[in-house]
Amino acid sequence: MSTELSESAVPPPTGAGEPSPAPSRRTFIATSTAVGGAVVAAGVIGGSSLAAPEEATGAEGPPSSRVSLTVNGTRRTVTVDNRTSLLDLLREHLGLTGSKKGCNAGACGACTVLVDGQRVNSCLTLAVRLEGAEVTTIEGLADGDQLHPLQQAFVDEDAFQCGYCTPGQIMSGVGCLKEGHTGSPEEIREWMSGNICRCGCYVKIVRAVEQTAGRK
């Protein structure tokens with residue numbers, strides 16, 4: 001890069017014995033720009049990095065943590081990015097893909113699992129906050145080839161169509177049964193209202209929960 005200034009940027013020579021006039025604003029800016037550009041170019045050509053050492057260190061990767069939790073009766077210990085959701089931990093790290101990623105914003109309930117017996121949207125739950133927790137997913141309900149009573153009720157009542165929301169619906173239904181919110185069809189609908197079925201199988205889903213609760 002040339003650092004020579006144009007004629008218009010160079011102040012005219014002064015006579016002998018005359019004090020040099022103060023540089024104009026235009027002259028100062030032009031000089032600073034040229035010199036600064038030369039410094040930057042020299043740094044790039046020389047291969048030197050202008051980034052501070054701490055900035056270079058920060059680019060190594062996001063912080064991660066080790067977390068131990070019990071999933072479907074088995075103790076699991078993994079190291080994950082601190083931003084990892086429980087849903088991504090289950091699907092991407094543990095290979096448990098039964099819990100579905102629907103909206104990934106906690107609005108559809110397709111990712112519902114039980115944490116210490118309570119229903120949670122796993123897409124909104126940080127995995128690193130679950131140290132020592134017990135997690136149950138759809139894969140952990142059946143006892144070998146013996147389906148959980150609510151799983152069997154979904155089959156008996158034909159309470160699904162595409163099946164994408166079914167794991168979350170069943171886990172939410174199990175939560176309702178544990179919480180005792182099965183006193184009436186209206187109560188079941190209210191307490192499962194966070195689970196969306198785009199195929200519209202709500203009537204049969206309620207019947208399946210009722211059947212499991214012993215109301216039919």
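Asp158 counts as partly exposed, with a relative accessibility of 41%, in this predicted model. The residue is placed in the loop between helix H4 (149-156) and helix H5 (166-179). This briefing covers the backbone of Asp158, a second residue with a positive phi, and the enclosed space in the model.

**Asp158**

- Asp158 is a residue other than glycine, yet its phi is positive, near 55°.
- The relative accessibility of 41% falls between the 20% below which a residue is buried and the 50% above which a residue is exposed, so Asp158 is classed as partly exposed.

**Asn104**

- Asn104 is likewise not a glycine and has a positive phi, of about 60°.
- The loop that holds Asn104 runs between helix H3 (86-93) and strand S3 (112-115).
- With a relative accessible area of 40%, Asn104 is partly exposed.

**Internal cavity**

- The model contains one cavity of 30 Å³ or more.
- The space in the largest cavity amounts to about 40 Å³.
- Several cysteines contribute to the lining of the largest cavity, namely Cys162, Cys165, Cys197 and Cys199.
- The lining of the largest cavity also includes Ala159, Phe160, Gln161, Gly163, Thr166 and Ile205.
- By residue class, this lining of the largest cavity divides into seven nonpolar and three polar residues, with no charged residue.

Conventions:
Residues numbered from 1 in each chain as written. Predicted model: local features only at pLDDT ≥ 70, side-chain atom pairs only at ≥ 80, totals over all residues. Heavy atoms only, no water. 1 Å grid on protein atoms, 1.4 Å probe; cavity = no way out; pocket = protein on both sides within 12 Å on 5 of 7 lines; lining within 4 Å. Points joined across faces, edges and corners; volume = space filled by probe spheres on them. Nonpolar A, V, L, I, M, F, W, Y, C, P; charged D, E, K, R; others polar. Helix = DSSP H or I, 4+ residues; strand = E, 2+ residues; numbered from the N terminus. Buried < 20%, exposed > 50% of the residue type's maximum accessible area, 1.4 Å probe, protein only.
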